[in-house]
Amino acid sequence: MLGLKLPTDPRWVNIVEKNIDEILTDHAYCEQKAASTAISLIVSFPEYTELVQEMIALSREEMGHFKMVHDRILARGNTLGRDRKDDYVVALLKFFPKGGSRTTQLVHRLLYAALIEARSCERFRLLSEELKDKELASFYQKLMVSEAGHYTLFLQFARQYGDREEVDKKWNELLAFEAEIMKDLSKKESIHG
């Protein structure tokens, strides 16, 4: 369903299990950045009323997820660590050239967001199936369902606002690019890295 060209190496879960606190901090910031992306789309493209309405709801949901992850961090006796650069997103954002029409910029941002959500969904599925901590596995199973919905929402909007054939072509090219990025990742204690 997600269309990802390269699945996460299942050994990534071993890295996660040894670094749960680091993963939770990274995950918290991923949720915060997802909320920021939704708000940024509202600010940048206010004339797309349907998109604005959905991004309002999404930003609230993502901040709710941030709170859920933050509460888990606190329950473990920790505090939220500092944010780190997301190598995955930095590499991904190099795919589309800067500029173009407003519609092109919107479609590109929606495709990036869809792919980030798809990869998060795939990672959460892996965590839900493989983590030894069953409570945490259940937590990630619930979040996986949300991420799948976000992925389809962004992709649907990209197809709605852009030419469907061109959007699908760009989507497939972006998926291939992302697969190349993933060959060098899955080695760190981060959601995408």
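**Close-up 1. Phe 45 and its aromatic partner Tyr 48.** In this predicted model, Phe 45 has a relative accessible area of 2% and is therefore buried, since the limit for that class is under 20%. Tyr 48 is buried as well, with a relative accessible area of 18%. A search of the whole structure finds 9 aromatic pairs, and the rings of Phe 45 and Tyr 48 have centres 6.2 Å apart and planes at 70°, so that this pair is described as edge-to-face. Phe 45 and Tyr 48 also belong to a cluster in which ring pairs link them with Phe 157 and Tyr 161.

**Close-up 2. The ring pair of Phe 124 and Tyr 140.** The ring centres of Phe 124 and Tyr 140 are 5.1 Å apart and the ring planes stand at 50°, so the pair counts as tilted. Because Phe 124 lies in helix α5 (residues 102-130) and Tyr 140 in helix α6 (residues 134-161), the pair ties together parts that are 16 residues apart in sequence. Both Phe 124 and Tyr 140 are buried.

**Close-up 3. Arginine side chains placed over aromatic rings.** The charged end of Arg 72 sits over the ring of Phe 139, at 4.3 Å from the centre of that ring. In a second such arrangement, the charged end of Arg 123 sits over the ring of Trp 12, where the distance to the ring centre is 4.3 Å.

**Close-up 4. The largest pocket and its lining.** The largest pocket holds about 660 Å³ of space. It is lined by 30 residues, of which Thr 37, Val 89, Leu 93, Tyr 112 and Ile 116 are the closest to the pocket centre. Helices α2 (20-44), α3 (49-75), α5 and α6 each supply at least two residues of this lining, and α5 gives the most, with 9 residues. By residue class, the lining of the largest pocket divides into 14 nonpolar, 8 polar and 8 charged residues.

**Close-up 5. Ser 128 and Arg 125 in helix α5.** Ser 128 is placed in helix α5, and Arg 125 is found in helix α5 too. A polar atom of the Ser 128 side chain lies 2.7 Å from the backbone oxygen of Arg 125. Ser 128 counts as buried because its relative accessibility is 16% and the class takes in values under 20%. Arg 125, by contrast, has a relative accessible area of 31% and is therefore partly exposed, a class that runs between the 20% and 50% limits. Looking beyond the helix, Arg 125 and His 27 are 98 residues apart in sequence, and their C-alpha atoms are 14 Å apart in space.

**Close-up 6. Ile 20 and Leu 136.** Ile 20 lies in helix α2, for which the residue range is 20-44. With a relative accessibility of 12%, Ile 20 counts as buried. Ile 20 and Leu 136 are 116 residues apart in sequence, while the distance between them in space, taken from C-alpha to C-alpha, is 9.7 Å.

Key. Residues are numbered from 1 along each chain as its sequence is written. This is a predicted model: local features need pLDDT of at least 70, side-chain atom pairs count only at pLDDT 80 or more; totals for chains, interfaces and linings use all residues. Side-chain values use heavy atoms; hydrogens and water are left out. Rings of Phe, Tyr and Trp (its six-membered ring) pair if their centres lie within 6.5 Å; planes under 30 degrees apart count as stacked, over 60 as edge-to-face and the rest as tilted. Buried means under 20% relative accessible area, exposed over 50%, partly exposed in between (1.4 Å probe, protein chains only). Helices (H or I, at least four residues) and strands (E, at least two) are DSSP runs, numbered from the N terminus. A charge sits over a ring if NZ of Lys or CZ of Arg is within 6 Å of the ring centre and within 35 degrees of the ring normal. On a 1 Å grid over the protein atoms alone, a cavity is a set of points where a 1.4 Å probe fits but cannot get out, and a pocket is an open set with protein on both sides within 12 Å along at least five of seven lines; lining residues have an atom within 4 Å of a point. Grid points are joined across faces, edges and corners, and a volume is the space filled by probe spheres set on the points. Ala, Val, Leu, Ile, Met, Phe, Trp, Tyr, Cys and Pro count as nonpolar, Asp, Glu, Lys and Arg as charged, and the others, Gly among them, as polar. A polar contact is a pair of N or O atoms within 3.5 Å; within protein, one must be able to donate a hydrogen and the other to accept it, and residues adjacent in sequence count only if both atoms are side-chain atoms.
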